[in-house]
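Thanks for coming. I will take a few minutes on one model, going from a single contact out to the domains and then to the cores.

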Amino acid sequence: MQDLIASSIKYQQGTLTVLDQYLLPHQQHWHVCNDVETMKDLILTLKIRGAPLIGLGASLLVAHLAEQGMSQSALAIAIDELEATRPTAVNLMHCMAKLRAALAETDYVAAVVSTAEQLFKEDIALCDSMAERGAALVNKGDNILTHCNTGALATAGVGTALGVIYKAQQRHGDIHVWVDETRPLLQGGRLTAFELERWQIPYTLICDNMAASLMAAGKVDKIFVGADRIAANGDFANKVGTYNLAVLAHFHNIPFYVVGPLTTLDTQTLCGADIEIEQRSPNEVRGVSGSFGEAMWAPINAKVYNPAFDVTPASLVTGWVLDSGVYNQSDIKQGILKQLKS
Ligand code: MRU
């Protein structure tokens, strides 16, 4: 396979390495990944995360294993196991479906390798298109609120929602970002803050529960978020807390945009209620952990509800920023998403 380099994943001279997103921003540690168990663990512990990146990480590993001589039947099992790691982000299923098709070809090694390479390069191009289209919605001086991490760390390219913000800053300058810290795993506080600092884009970190008062004070002009799965009717799943923002944006009359590539669109899923939501460990809510270790503040047996994602209904969305265009309520009601995927 050819060398493929992104912010948080690299395939270089036959070695696959993954930047540990659990240890960022205070430690920058790259894991070498040579086997399915390691990749499964990296995904399950969110060391590799973000809807597009999970799919790409799993794909690069499968291609690497194919090149290393793994049998067709073992590769098929690897694809199934990797696909089962996280249920909500549909990009993983999209990538694994492409690899399954490649595996059915006579020269399956070449087919799997070229499929993984294509998926990686396609993601870079999809990010660029979304960033261009989304940046056109931003004005100089805008205060933009975002949730979770949707940047270069989460994709092979510049990102989804954060890619829009990056492009808008390049185009207009004078952008300021409100960064939701994103409890429980703090992808905003740890990763988005890190990326915005690296890109020298002014930002202010807030706890998730501060967004309402900021909106009431007129300090948020627009909201851009990513997606883990967009259903046929425009409902979408994204990091838990996104729905809160959509409700607040509606109340305060603030434009609310979801940004996602074609690979996040799942028209087989008719509406948000049909999206499986990943439930995660209670300890993520009982305390917090990271490069500094672990701190538990709740009673050790505290009963916990910890869905990793929530669903935002289409009715609360101002615009769907996809790589192919920006779609509004009327486009969605006319079934544009189904047409895009057909
Ligand atoms: O649990 P995570 O960190 O993988 O969740 C990530 C998100 O919810 C992102 O908003 C989504 O994947 C879009 S990122 C390009």
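Which residue forms a salt bridge with Arg86, and how far apart are the closest N and O atoms? The partner is Glu278, and the closest N and O atoms are 2.9 Å apart. Before going on, a reminder that this is a predicted model.

Where do these two residues sit? Arg86 is in the loop between H3 and H4, whereas Glu278 is in the loop between strand E12 (265-266) and helix H10 (283-286), so the pair ties together parts that are 192 residues apart in sequence. Arg86 and Glu278 are both buried. They also have company: salt bridges that share partners join Arg86, Glu278, Arg280 and Glu284 into one network.

Now the domains. The chain is divided into domain 1, residues 4-127, and domain 2, residues 134-341. Taken over C-alpha atoms, the centres of the two domains are separated by 24 Å. The contact between them takes 34 residues from domain 1 and 38 residues from domain 2. About 2,900 Å² is buried between domain 1 and domain 2, with 56% of that on carbon and sulfur atoms.

What about polar interactions here? Across the interface of domain 1 and domain 2 the rule finds 1 salt bridge. It also finds 18 residue pairs in polar contact across that interface. On the domain 1 side, H2, H4 and H5 each supply at least two of the residues that touch domain 2. The largest share of that side comes from H5, with 6 residues.

How many salt bridges does the structure hold? The count is 12. Two of them involve Lys40. One is with Glu37, where the closest N and O atoms are 3.2 Å apart. Lys40 and Glu37 are 3 residues apart in helix H1, so about one helical turn separates them. The other is with Glu81, the closest N and O atoms again being 3.2 Å apart. That second pair links distant parts of the chain, since Lys40 is in helix H1 and Glu81 is in helix H3, 41 residues away.

Are Lys40 and Glu81 buried or exposed? Lys40 has a relative accessible area of 17%, under the 20% cut-off, and therefore counts as buried. Glu81, at 31% relative accessibility, is partly exposed.

Last, the cores. As background, nonpolar side chains in soluble globular proteins tend to be buried together. In this model the largest nonpolar core has 43 residues, and Ile9, Met39 and Leu60 touch the most other members. The elements giving two or more residues to this core are strands E2 (9-12) and E3 (15-19), together with helices H1 (36-44), H2 (51-67), H3 (72-83), H4 (90-103) and H5 (108-135). H2 makes the largest contribution, 10 residues.

What does Leu60 contact, once its neighbours within four places in sequence are left aside? The list is Met1, Leu4, Ile9, Tyr11, Leu16, Ala116 and Phe120. There is also a second, separate core of 28 residues, with Leu145, Met215, Val225 and Trp320 included in it.

To recap, please keep two items in mind when you open the model. One is the buried pair Arg86 and Glu278, which belongs to a network with Arg280 and Glu284. The other is Lys40, which forms salt bridges with Glu37 and with Glu81. I will stop there and take questions.

Notes. Residues are numbered from 1 along each chain as its sequence is written. This is a predicted model: local features need pLDDT of at least 70, side-chain atom pairs count only at pLDDT 80 or more; totals for chains, interfaces and linings use all residues. Side-chain values use heavy atoms; hydrogens and water are left out. A nonpolar core is a set of buried Ala, Val, Leu, Ile, Met, Phe, Trp, Tyr and Cys residues joined through side-chain atoms within 4.5 Å. Buried means under 20% relative accessible area, exposed over 50%, partly exposed in between (1.4 Å probe, protein chains only). Helices (H or I, at least four residues) and strands (E, at least two) are DSSP runs, numbered from the N terminus. Contact means heavy atoms within 4.5 Å. Domain bounds come from an automatic or database domain assignment. Buried area is the accessible area (1.4 Å probe) that two parts lose on being put together, summed over both. A salt bridge is a side-chain nitrogen of Lys or Arg within 4 Å of a carboxyl oxygen of Asp or Glu. A polar contact is a pair of N or O atoms within 3.5 Å; within protein, one must be able to donate a hydrogen and the other to accept it, and residues adjacent in sequence count only if both atoms are side-chain atoms.
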